[in-house]
Amino acid sequence: MKLRKIVNSTIKILLPLLLGGAILYWMYRGFDFKRIEHVVLHEMNWTWMILSFPFGVLAQAFRGWRWRQTLEPVGEKPRTGTCVNSIFLSYAASLVIPRIGEFTRCGVLKRYDGVSFAKALGTVVTERAIDSLLVMVVAGITLFCQFKVFMTFFSETGTSMDSILSRFSPTGYAVTAVCGVAVLFLLHFLLKKLSVYNKVKATLSGIWQGVVSLRKVRNIPLFLFFTIAVWACYFLHYYLTFFCFDFTAHLGIACAMVTFVVGSIAVLVPTPNGAGPWHFAVKTMLILYGVADEQALYFVLIVHTIQTMLVILLGIWAWASLSFTRRIHHTEQTQ
């Protein structure tokens with residue numbers, strides 16, 4: 001049994017890394033990485049990249065503030081700083097084991113503020129449901145608004161869906177299929193996790209309380225503001241990077257929105273910070289908007305790498321901050 005657990009844990013860690021690595025290898029095979037160094041040092045406008053950083057930090061901070069708000073109706077009142085640091089740490093943890101962040105942040109609140117793990121996990125489920133709904137709505141609106149753009153592109157270039165599909169190599173189809181299988185694997189993993197919790201009545205009760213906590217949130221307008229602010233900051237964190245490069249600066253907010261939505265869906269594939277699937281999806285859409293293949297590769301590699309480094313730095317900050325945070329028990333929290 002112990003050996004089986006070790007094997008399962010190893011697979012959960014190695015499979016996402018291998019999947020992301022395989023996609024990146026396929027995309028960048030034969031690529032001149034020395035050229036990347038020249039682009040970063042001499043052709044990239046770092047001012048816009050630096051201006052995007054505050055929005056990357058704020059996106060996670062808003063998520064922490066919103067989480068604290070959803071915990072109050074279930075009788076939990078963690079400190080604001082602990083909530084924000086738990087979010088920072090959860091994103092960094094997910095770079096090692098995808099999707100572990102949801103459990104990491106619940107564990108941080110339990111350890112430092114005495115918050116019920118089950119209730120915290122329930123509110124996370126609620127948050128994810130709200131975020132998924134918002135992304136679907138934005139995706140629908142974006143695709144509807146950009147429908148004419150796609151049609152114009154097809155008519156002016158004489159391109160049809162058949163010709164686009166014909167440009168896919170067997171490897172391209174294989175990558176797409178692997179991504180689809182990975183999503184199914186993730187869903188199976190999550191359902192299996194939930195089935196474990198369902199065996200414990202007390203835990204199930206705590207999760208349910210967290211899920212229904214949204215009905216009892218005291219300030220709904222503030223909750224909606226936090227939700228919109230989270231995704232607005234994510235978008236600005238991404239959109240401002242367009243102005244770092246001459247070949248994307250002119251594309252406009254519509255292209256940024258389309259690639260942002262496609263990238264947000266691609267990161268559902270369980271790889272560290274979406275590495276691989278995000279690169280593939282965003283690069284493909286940039287090419288659709290007229291960006292050269294090589295330039296699209298520059299963009300996705302540089303932007304994703306720098307934004308991932310920001311996630312790591314925030315995780316280090318959170319770890320250091322929590323090291324100096326006094327732990328409190330549940331009885332202290334309720335006083």
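A salt bridge here is a side-chain nitrogen of Lys or Arg within 4 Å of a carboxyl oxygen of Asp or Glu. By that rule, this predicted model has ten salt bridges. Some of them turn up in the close-ups below.

**Figure 1. The whole chain is a helical one, with 15 helices and zero strands.**
Start here to get your bearings. The protein chain has 335 residues, and 45% of them count as buried. Look at contacts between residues at least 6 apart in sequence, and you'll find that 76% join residues at least 24 apart. The accessible surface adds up to about 17900 Å², with 70% of that belonging to carbon and sulfur atoms.

**Figure 2. Here D131 and R63 meet in a salt bridge.**
Their closest N and O atoms are 2.8 Å apart. This pair links distant parts of the chain, as D131 sits in helix α6 and R63 in helix α3, 68 residues apart. Are these two charged residues buried or exposed? D131 is buried, at a relative accessible area of 3%, and R63 is buried too, at 1%.

**Figure 3. E127 takes part in salt bridges with R66 and with R105.**
In the R66 pair, the closest N and O atoms lie 3.5 Å apart. R66 belongs to helix α3 and E127 to helix α6, so to speak two distant parts of the chain, 61 residues apart. R66 has 0% relative accessibility and counts as buried, while E127 is buried with a relative accessible area of 1%. Now swing over to R105, whose side chain meets that of E127 at 2.9 Å, N to O. R105 lies in helix α5, so this pair ties α5 to α6 across 22 residues of sequence. Both R105 and E127 are buried. Put the pieces together and you get one network, in which salt bridges with shared partners join R63, R66, R105, E127 and D131.

**Figure 4. Helix α2 (residues 33–43) has buried residues along one face.**
Which residues of α2 are buried? They are I36, V39 and V40. Seen down the helix axis, these buried residues fall within an arc of 90 degrees, so they line one face of α2. An α-helix has 3.6 residues a turn, so residues three or four places apart point the same way. Flip to the other side of α2 and you'll meet K34, L41 and H42, which are exposed. The cover over the buried residues of α2 includes α3 (46–71) and α14 (293–323).

**Figure 5. Helix α4 (residues 80–93) is largely enclosed by the rest of the structure.**
Why call α4 largely enclosed? Eleven of its 14 residues are buried, so the rest of the structure largely encloses the helix. Among them are T82, C83, N85, F88 and L89. The buried residues of α4 pack against α3, α5 (101–113) and α14. The helix length works out as well: at 1.5 Å a residue, α4 should span 20 Å, and its end C-alpha atoms are 20 Å apart, which agrees. G81 is also found in α4, but with a relative accessible area of 42% it is partly exposed. Though G81 and W65 are 16 residues apart in sequence, their C-alpha atoms are 8.8 Å apart in space.

**Figure 6. Y234 and H237 both sit in helix α11.**
Helix α11 covers residues 220–239. Y234 has a relative accessible area of 16%, so it counts as buried, the cut-off being under 20%. Its C-alpha atom and that of G56 are separated by 6.1 Å, although the two residues are 178 apart along the chain. Setting aside neighbours within four places in sequence, Y234 is in contact with A59, Q60, R63, Y91 and F260. H237 is buried as well, at 9% relative accessible area. With its own neighbours within four places left out, H237 is in contact with S52, F53, F55, G56, Q307 and L310.

**Figure 7. A nonpolar patch lies on the surface.**
Which residues form this patch? They are L133, M136, V137 and I141, and together they have about 390 Å² of accessible area. L133 is found in helix α6 (residues 117–145). At 49% relative accessibility, L133 counts as partly exposed.

Key. Residues numbered from 1 in each chain as written. Predicted model: local features only at pLDDT ≥ 70, side-chain atom pairs only at ≥ 80, totals over all residues. Heavy atoms only, no water. Helix = DSSP H or I, 4+ residues; strand = E, 2+ residues; numbered from the N terminus. Buried < 20%, exposed > 50% of the residue type's maximum accessible area, 1.4 Å probe, protein only. Contact = heavy atoms within 4.5 Å. Areas by Shrake-Rupley, 256 points an atom, 1.4 Å probe, with all protein chains shown as cover. Arc of directions from axis to C-beta. Patch = residues over 30% accessible without salt bridge, like charges linked within 9 Å, V, L, I, M, F, W, Y side chains within 5 Å. Expected span 1.5 Å × (residues − 1).
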